Amino acid sequence: MVSIRLMTGLDIPGVMRLKAQAGWNQREADLLRMLDLEPDGCFVAELDGRVAGTTTTCVFGPVAWVAMVLVNESLRRRGIATALMNHALAYLEGRGVQTVRLDATPLGQPVYERLGFIAEYRLARYQGSPTVSAPVPGVEPARPEDLEEVARLDREVTGTDRRKLLVRLFEERPEEMRVVRNGARLQGFITARPGSEAIQVGPCQATAEAGPLLLADACRRYAGQSIFLDIPLGNTAGGRLAEEQGLTVQRHLLRMYRGVPIHERVDMLWASSGPEKG
């Protein structure tokens, strides 16, 4: 019989096996970050002492994200994913969350629709190795004192206060966060982290002027390396820039929500942070 319990650091090897089955990009560092950011909101389904499925959550005030909904291939279509989601949703309801969001794969979409999730928009995952380009003027390393403005801009774009995530990403890899300023005011930022399959570039939130600079700078820094860029289909300029760098669409994700809708500035969202937290 399947039971659901809290995920701990001891579960990471089992979670990584499920992640490898699915061909996803997360590394152990990503799972540790999820556990640190929401230690009471990450769960495993256990069968005969082994991890049969997983899900994680992250609460940002009234908004939460659900991710890492994985089930062992040999145990699918037994209701494990639905049971994990119901457990996670009950936890989030207890936290007073008003909006639950996630990025769905085609495999997971029917599960989420049955649970009342509604489609928002699609993202294209671009993959490839950028070509070498010249240094991009106006793009600078982020400083610790920039983080409040980074969080402000991110909140303006996403309608969510993700400060704890952005601070954690900066603390892990400060050299990866880059910014564009116009005088004293921040116009955009970008960061990245390594994955098992490719470097996940994002989040990148920026104005129409700063977004292309930040993406070009990222492509220059990661030239010759495999990268992922998750770009909303509504940001046509971002998709065009990715294609100009020789990147191609690997797959699509569907952003969905349940509860109170969130107004997101898709035109300023040049790259999502990945399917885990939007």
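Begin by selecting strand 4 and strand 5 together: these two run parallel and are joined by three bridges. In this predicted model, a convenient place to centre the view is Trp65, whose bridge partner in strand 5 is Arg101.

**Strand 5 and its two faces**

Keep strand 5, residues 99–104, selected and colour it by accessibility, and you will find that six of its six residues are buried. In a regular strand the side chains alternate between the two faces of the sheet. Turning the view from one face to the other shows cover on both, with Thr99, Arg101 and Asp103 buried on one side and Val100, Leu102 and Ala104 buried on the other.

**Strand 4 and the loop before it**

Now move to Met68, which lies in strand 4 and has a positive phi of about 55 degrees although it is not a glycine. Is Met68 buried or exposed? Its relative accessible area is 4%, which is under the 20% cut-off, so Met68 counts as buried.

Next select Pro62, in the loop between strand 3 (50–60) and strand 4 (63–71). With a relative accessibility of 43%, Pro62 counts as partly exposed. Leaving aside residues up to four places away in sequence, Pro62 touches Val97, Gln98 and Thr99, and the last of these, Thr99, is one of the buried residues of strand 5. If you add Thr160 to the selection, you can draw a distance from its C-alpha atom to that of Pro62, which comes to 8.3 Å although the two residues are 98 apart along the chain.

**Helix 1, helix 2 and what covers them**

Select helix 1 (12–22), in which Ile12, Gly14, Val15, Met16, Leu18 and Lys19 are buried. Showing the surroundings of these residues brings up helix 2, strand 3 and strand 4, against which the buried residues of helix 1 pack. Just after helix 1, stop at Gly23, which takes a positive phi of about 75 degrees.

Continue to helix 2, residues 28–37, where the buried residues are Asp30, Leu31, Arg33, Met34, Leu35 and Leu37. Which elements cover the buried residues of helix 2? The cover includes helix 1, strand 2 (42–47), strand 3, strand 4, helix 6 (163–172) and strand 9.

From strand 2, go on to Asp48, which lies in the loop between strand 2 and strand 3. Phi of Asp48 is near 55 degrees, a positive value in a residue other than glycine. Asp48 has a relative accessible area of 71%, and therefore counts as exposed, whereas Met68, which also has a positive phi of about 55 degrees, is buried.

**Strands 7, 8 and 9**

For the next stop, select strand 7 (residues 139–141) and strand 8 (residues 178–182), which pair in the antiparallel sense over three bridges. Within this pair, Glu140 has Val179 of strand 8 as its bridge partner. Then add strand 9 (residues 185–193), which pairs with strand 8, again in the antiparallel sense, over five bridges. On this side, the bridge partner of Arg181 is Leu186 in strand 9. Strand 8 and strand 9 form a hairpin with two residues between them, and in the turn Gly183 has a positive phi of about 70 degrees.

**A cis peptide bond**

Select Gly202 and Pro203 and inspect the bond that links them: this peptide bond is cis, with omega near 5 degrees. Pro203 itself lies in strand 10, residues 199–206.

**The whole chain**

Finally, clear the selection and view the protein in full, with its eight helices and 13 strands. Aligned along the principal axes, the C-alpha atoms fill a box of roughly 60 × 35 × 30 Å. A compact globule of 278 residues would have a radius of gyration near 19 Å, and the 18 Å of this protein agrees with that. Buried residues make up 56% of the 278 residues, and among contacts with a separation of 6 or more, 75% are between residues 24 or more positions apart.

With a surface displayed, the accessible area comes to about 11,800 Å², and 52% of it belongs to carbon and sulfur atoms. Colouring by charge gives a last view, in which the mean positions of the 34 positive and 34 negative charges are 3 Å apart.

Note on methods. Residues numbered from 1 in each chain as written. Predicted model: local features only at pLDDT ≥ 70, side-chain atom pairs only at ≥ 80, totals over all residues. Heavy atoms only, no water. Pairing = 2+ DSSP bridges. Helix = DSSP H or I, 4+ residues; strand = E, 2+ residues; numbered from the N terminus. Rg over C-alpha atoms; globule rule 2.2 N^0.38 Å. Buried < 20%, exposed > 50% of the residue type's maximum accessible area, 1.4 Å probe, protein only. Contact = heavy atoms within 4.5 Å. Areas by Shrake-Rupley, 256 points an atom, 1.4 Å probe, with all protein chains shown as cover. Lys, Arg positive; Asp, Glu negative; His and termini not counted. Charge placed at Lys NZ, Arg CZ, Asp CG, Glu CD.
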